[in-house]
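Please look through the sequence and the model below before reading on. The report that follows describes some helices, ring pairs and surface residues in turn.

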Amino acid sequence: MDLGLMGWLGVGGVFALSATGSIIGIGINGQAVIGAWKKCFVQRKPAPFLLVIFAGVNLSNVIYGFILMNALAGTTVLSEHGLMILGLGAGIAIFALGFTQAMCAAAAAEAFAETGQGFGNFIMVIGIAETLALFTMVFTLMFT
């Protein structure tokens, strides 16, 4: 099936938007983690290596976008307009969730570096945003 220009916009858009959300999110997370480590160094406290986990929580969004891109490119049940709407809609949702994860991870990095406590609690909150991105992928796949 020829996807047409609008179909390819949805197919490429879901990956591009998901990846862009990850990239921006990792930039936000990375700055927060580096700032938290800097505070530890200035205060002559041990800098927790676990903070690197907060820096990378957005990596999975690229994978979700890639899976959706491949699924949408191979579908035969959607029109090109349907592909565009579904792809761009899912991409925008995962893009926005990248920001959500980044805000949570940035706050978690600062709090964990300062207190040395609550790592599991912070991961659970970040996991909520992760779950929404996963749901977005799964529910989008149901249309293909």
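Val138 counts as partly exposed because its relative accessibility is 36%, where buried means under 20% relative accessible area, exposed means over 50%, and partly exposed lies in between, with a 1.4 Å probe and protein chains only. This residue lies in helix H5, and helices here are DSSP runs of H or I with at least four residues, numbered from the N terminus. Val138 also belongs to a nonpolar surface patch of about 800 Å², made together with Ile128, Leu132, Leu134, Phe135, Phe139, Met142 and Phe143. Such patches are made of residues with over 30% relative accessible area and no salt bridge, like charges being joined within 9 Å and nonpolar side chains (Val, Leu, Ile, Met, Phe, Trp, Tyr) within 5 Å. The accessible areas come from the Shrake-Rupley method with a 1.4 Å probe, and for residues only the protein chains shown count as cover.

The model is predicted, so local features need pLDDT of at least 70 and side-chain atom pairs count only at pLDDT 80 or more, while totals for chains, interfaces and linings use all residues. Residues are numbered from 1 along each chain as its sequence is written, and side-chain values use heavy atoms, with hydrogens and water left out.

Val125 lies in helix H5 as well, and with 44% relative accessibility Val125 counts as partly exposed. Its C-alpha atom is separated by 8.7 Å from that of Gln101, although the two residues are 24 residues apart along the chain.

Two helices can be checked against their expected span, which is 1.5 Å times one less than the number of residues.

| Helix | Residues in helix | Expected span | Distance between end C-alpha atoms |
|---|---|---|---|
| H1 | 39 residues | 57 Å | 56 Å |
| H4 | 36 residues | 52 Å | 52 Å |

For H1, which covers residues 4-42, the two values agree, and they agree for H4 too. H1 nevertheless has a kink of about 30° centred on Gly13, the bend at a residue being the angle between axes fitted to the seven residues ending there and the seven starting there. After H1 comes Arg44, with a positive phi near 60°, and just after H4 comes Gly116, with a positive phi of about 70°.

The structure holds 6 aromatic pairs, meaning rings of Phe, Tyr and Trp (its six-membered ring) whose centres lie within 6.5 Å, with planes under 30 degrees apart counted as stacked, over 60 as edge-to-face and the rest as tilted. One of them is the edge-to-face pair of Phe15 and Phe66, at 6.3 Å centre to centre and 75° between the planes. This pair links distant parts of the chain, since Phe15 is in helix H1 and Phe66 in helix H3 (residues 59-73), 51 residues apart. Phe15 is partly exposed at 26% relative accessibility, and Phe66 is partly exposed at 44%. Phe54 and Phe119 form a tilted pair, at 5.3 Å centre to centre and 50° between the planes. Here helix H2 (residues 51-55) holds Phe54 and helix H5 (residues 119-141) holds Phe119, 65 residues apart. Phe54 counts as buried because its relative accessibility is 0%, and ring pairs link Phe54, Phe112 and Phe119 into a cluster.

Which side chains meet in a salt bridge? They are those of Lys39 and Glu110, at 3.5 Å from N to O, and a salt bridge is a side-chain nitrogen of Lys or Arg within 4 Å of a carboxyl oxygen of Asp or Glu. Lys39 in helix H1 and Glu110 in helix H4 (residues 80-115) are 71 residues apart.

Technical notes:
Helix = DSSP H or I, 4+ residues; strand = E, 2+ residues; numbered from the N terminus.
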